[in-house]
Amino acid sequence: MQGHGGVGTGRWPDRAVAAVLDRGMAVLLDPPLWPRHGTVWGHLVSDASLAELHAFADRAGIPRRAFDLDHYDVPAERYADLVGHGARLVDSRELVRRLRASGLRVRARDRARERPVSAPRPSPRERTA
């Protein structure tokens, strides 16, 4: 299990993720096409497991707050670094096809159900009371 950035060295405790990597599964990155917050964003997914995706994101320094149920939103500025960590560039259709085939895809209509409900914000009147 050499060559997987710490797998087999005792520094990476998730043996399931190591096994997935050895089977040739992939972390995929589609082109950054979504403008927001002064940059353009793309998606990082796994075609094997969320454990693989989270482990990759942790190694690459992507904060957990960038995770959105079945993918991480990543800015274009991080692409070279993510490819350097082993992400495979694919087009958007390929990314969605592989995400669906993996069974990890969360459909748009299911997203509202899957996201945790946050507490309602107090009204301005309640804040000053």
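A residue counts as buried when its relative accessible area is under 20%, as exposed when that area is over 50%, and as partly exposed in between. In this predicted model, Glu94 has a relative accessibility of 24% and therefore falls in the partly exposed class. Its salt-bridge partner is Arg98, with N and O atoms 3.6 Å apart. Arg98, at a relative accessible area of 18%, is buried. Both residues belong to helix α4, which spans residues 92-102; because they lie four residues apart there, about one helical turn separates them. The pair is also part of a wider arrangement, a network of salt bridges that links Asp47, Glu94, Arg97 and Arg98.

The structure holds six salt bridges. Among them is the one between Asp81 and Arg78, whose closest N and O atoms are 2.6 Å apart. Asp81 is partly exposed, with a relative accessible area of 32%, and Arg78 is likewise partly exposed, at 22% relative accessibility.

Another salt bridge joins Asp58 to Arg64, with 3.9 Å between the closest N and O atoms. This distance still qualifies because the criterion is a side-chain nitrogen of Lys or Arg within 4 Å of a carboxyl oxygen of Asp or Glu. Arg64 is partly exposed, its relative accessible area being 47%.

Arg64 also leads to His54, a residue of helix α2 (residues 50-60). Leaving aside residues up to four places away in sequence, His54 touches Arg64, Phe67 and Tyr72. His54 has a relative accessibility of 15% and so counts as buried, whereas its contact Arg64 is partly exposed.

Note on methods: Residues are numbered from 1 along each chain as its sequence is written. This is a predicted model: local features need pLDDT of at least 70, side-chain atom pairs count only at pLDDT 80 or more; totals for chains, interfaces and linings use all residues. Side-chain values use heavy atoms; hydrogens and water are left out. Helices (H or I, at least four residues) and strands (E, at least two) are DSSP runs, numbered from the N terminus. Buried means under 20% relative accessible area, exposed over 50%, partly exposed in between (1.4 Å probe, protein chains only). Contact means heavy atoms within 4.5 Å.
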